[in-house]
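Hi everyone, thanks for having me. Please pull up the structure on your screens, and we'll walk through it together.

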Amino acid sequence: MQHNPGFVALVESILPKVTEISVEEYQADDSWQLLDVREDHEWLKDRLPGARHLGRGILERDVETRFPDKSTPLLLYCGGGYRSALAAYNLQLMGYTKVASLVGGYKAWVARQLPLVTD
């Protein structure tokens with residue numbers, strides 16, 4: 001998917017303020033709660049093992065209900081790492097202290113031919 005220039009510029013402006021974790025770093029550290037911020041239809045197709053879903057559209061509204069402890073390590077992913085970076089930044093603004101975005105998101109996971117969960 002080709003992203004619009006304004007969206008890319010927005011993401012690039014916040015990336016220096018967001019921690020990014022690679023697939024390999026995630027696999028080596030089981031402390032992360034994996035959170036899929038993709039749209040519902042993306043989640044329903046398939047997802048990373050162990051992921052919980054909280055779509056980008058409702059994330060900020062519902063995250064405190066799901067994760068009231070703001071020190072919970074949250075690793076967010078989306079299709080390619082852009083939406084999850086924006087979401088991670090917003091969670092930081094909300095006071096979450098250990099939040100990160102998965103570099104390359106779902107696409108990076110699939111490129112490594114790692115398992116996916118389907119219903």
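Let's start with the strands in this predicted model. Strand S2, residues 33-36, runs parallel to strand S3, residues 52-53, and two bridges join them. If you'd like a residue to click on, leucine 35 has arginine 52 in S3 as its bridge partner. To get from S2 to S3, the chain passes through helix H3, residues 40-45, and this β-α-β crossover is right-handed. S2 also pairs in the parallel sense with strand S4, residues 74-77, over four bridges. There, glutamine 33 stands opposite leucine 74.

Now for the aromatic rings. How many aromatic pairs does a search of the whole structure find? The search finds two. In one of them, phenylalanine 7 and tyrosine 82 have ring centres 5.9 Å apart and planes at 25°; under 30 degrees counts as stacked, so this pair is stacked. Phenylalanine 7 lies in helix H1 and tyrosine 82 in helix H5, so the pair ties together parts that are 75 residues apart in sequence. Phenylalanine 7 is partly exposed, at 25% relative accessibility, and tyrosine 82 is partly exposed at 29%.

Tyrosine 26 and tryptophan 109 form a tilted pair, 6.2 Å centre to centre with 55° between the planes. This pair links helix H2 to helix H6, with the two residues 83 apart. Are these rings buried or exposed? Tyrosine 26 is buried at 14% relative accessible area, and tryptophan 109 is buried at 5%.

Last stop: charges over rings. The charged end of arginine 47 sits over the ring of tryptophan 43, 4.1 Å from its centre. Likewise, the charged end of lysine 98 sits over the ring of tryptophan 32, 5.0 Å from its centre.

Methods. Residues are numbered from 1 along each chain as its sequence is written. This is a predicted model: local features need pLDDT of at least 70, side-chain atom pairs count only at pLDDT 80 or more; totals for chains, interfaces and linings use all residues. Side-chain values use heavy atoms; hydrogens and water are left out. Two strands pair if DSSP finds at least two bridges between them. A crossover is right-handed if, with the strands pointing away from the viewer, the path from the first strand over the helix to the second runs clockwise. Rings of Phe, Tyr and Trp (its six-membered ring) pair if their centres lie within 6.5 Å; planes under 30 degrees apart count as stacked, over 60 as edge-to-face and the rest as tilted. Buried means under 20% relative accessible area, exposed over 50%, partly exposed in between (1.4 Å probe, protein chains only). A charge sits over a ring if NZ of Lys or CZ of Arg is within 6 Å of the ring centre and within 35 degrees of the ring normal.
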